Amino acid sequence: MQWTPGGTSSDIEDRRGDSGGGGGFNLGGGGGFGIVGFIVVVVIGLISGRGFLGSILGGLGAGVGSGSGAPVQRESARNADGSIQESASEHRDVQLVSFVLDDAQKTWTAILPQQAGRNYRHAKLVLFRDATRSGCGNAQSSTGPFYCPADERVYIDLGFWDELRKLGGNTGDFAQAYVITHEIGHHVQNILGIEQRAQSAMRDPSQRSKTSVELELQADCYAGIWAHSTQRRNILQSGDIDQALQNAAAVGDDHIQKMQRGSVSPESFTHGSSAERQGWFKRGFTTGEVKQCDTFTAGADGYGG
Ligand SMILES: [Zn+2]
């Protein structure tokens, strides 16, 4: 992908120098990532009183909405002049995330009114380390990147790229762009009211896995729509799509389950298989059309049912 580092996006909220999430839980030793892929936080758990994503969000429980507790005291993450301490590669990652965020939001601002008759509004993207507070409860690095519909923010700890590499994922520029634009895809779902409908459907336990997969695959398809726009604007380079597809495979439920426990149980899928994720990304990329991303009626394989 052709891009030039152009500073930090005005839609980025940089909390990397902050002292963690506070809110009554403490991350000993800086946490560490779980192999969870990236998710949209489903707040159904708050409505029903049961944590649907309890296992993923783990230590979230007690801290949710309580707003109590002192901030976690940690070693300063800032230089003497107040700037955030970061490595050269992390500095570059921030520029890349900024470029992709701005480019994707510009793209959706143009195509959403045309294709869906709705205006796009910008999401914010929060950079954090270890833990931070979100409108969906306390966020931890172990959650992986996620989008919170309640505050319309994407949350990411850039340490996730190392985790992705361990999963066999790619951390090239376009590979990272896939992750960011997948999350922006959840924001588009929020604007279109799809997110809310899915949450209602997920009140029925028998629909949770299926609906979650449909929501996630649609976000992959929307990421593909952005990729389509990069091709039209001639900033896509050879090998870029392969990078995105490598990541779509790395975060497929079957792949993650195989790595975690050696076996696969499709009934507990939340994001779809590697093949499904690749398939829906490709569908968005090939067509560039929102209407082609109707995972809810098409079925996970894209062929109905
Ligand atoms: Zn997702």
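**View 1. Helices α3 and α5 lie oblique to each other.** This close-up comes from a predicted model. The two helices, α3 (residues 88-116) and α5 (residues 173-192), pack at an angle of about 40°. Angles from 65 to 115 degrees count as roughly perpendicular and those under 35 as roughly parallel, so the pair is classed as oblique. Their axes are 9 Å apart. The crossing of α3 past α5 is right-handed.

**View 2. Side by side, α3 and α5 share a contact built from residues of both helices.** From α3 come Arg 92, Asp 93, Leu 96, Val 97, Val 100, Leu 101, Ala 104, Gln 105, Trp 108, Leu 112 and Ala 116. From α5 come Asp 173, Gln 176, Ala 177, Ile 180, Thr 181, Ile 184, Val 188, Ile 191 and Leu 192. By class, the contact residues are 14 nonpolar, three polar and three charged.

**View 3. The zinc ion has His 182, His 186 and Glu 216 as its protein donors.** Each histidine donates through NE2, and Glu 216 through OE. The donors lie 2.0 to 2.1 Å from the ion. Along the sequence, the donor residues follow the spacing H-x3-H-x29-E. His 182 sits in helix α5, while Glu 216 belongs to helix α7 (residues 208-232). These two residues are 34 residues apart, so the pair links distant parts of the chain.

**View 4. Two of the zinc donors, His 182 and Glu 216, are buried.** The cut-off for buried is under 20% relative accessible area. His 182 has a value of 0%. Glu 216 has a value of 1%.

**View 5. Gln 218 of helix α7 is a buried residue.** Its relative accessibility is 3%, so Gln 218 falls under the 20% cut-off. Leaving aside residues up to four places away in sequence, Gln 218 touches Gln 189, Ile 194, Cys 293, Asp 294, Thr 295 and Phe 296.

**View 6. Asp 294 occupies the loop between α10 (274-287) and α11 (295-298).** Asp 294 is partly exposed, with a relative accessible area of 30%. With residues up to four places away in sequence not counted, Asp 294 touches Gln 218 and Trp 280. Cys 221 is 73 residues from Asp 294 in sequence. In space, the C-alpha atoms of Asp 294 and Cys 221 are 8.9 Å apart.

Definitions and conventions
Residues are numbered from 1 along each chain as its sequence is written. This is a predicted model: local features need pLDDT of at least 70, side-chain atom pairs count only at pLDDT 80 or more; totals for chains, interfaces and linings use all residues. Side-chain values use heavy atoms; hydrogens and water are left out. Axes are lines fitted to C-alpha atoms, for helices over the stretch in contact, and angles run from 0 to 180 degrees between N-to-C directions. Helices (H or I, at least four residues) and strands (E, at least two) are DSSP runs, numbered from the N terminus. Angles under 35 degrees count as roughly parallel, over 145 as roughly antiparallel, 65 to 115 as roughly perpendicular and the rest as oblique. A crossing is left-handed if the near helix is turned anticlockwise from the far one by less than a right angle, and right-handed if clockwise. Contact means heavy atoms within 4.5 Å. Ala, Val, Leu, Ile, Met, Phe, Trp, Tyr, Cys and Pro count as nonpolar, Asp, Glu, Lys and Arg as charged, and the others, Gly among them, as polar. Donors are N, O and S atoms within 2.8 Å of the metal (3.2 Å for Na, K and Ca); water is not among the atoms, so sites may look incomplete. Buried means under 20% relative accessible area, exposed over 50%, partly exposed in between (1.4 Å probe, protein chains only).
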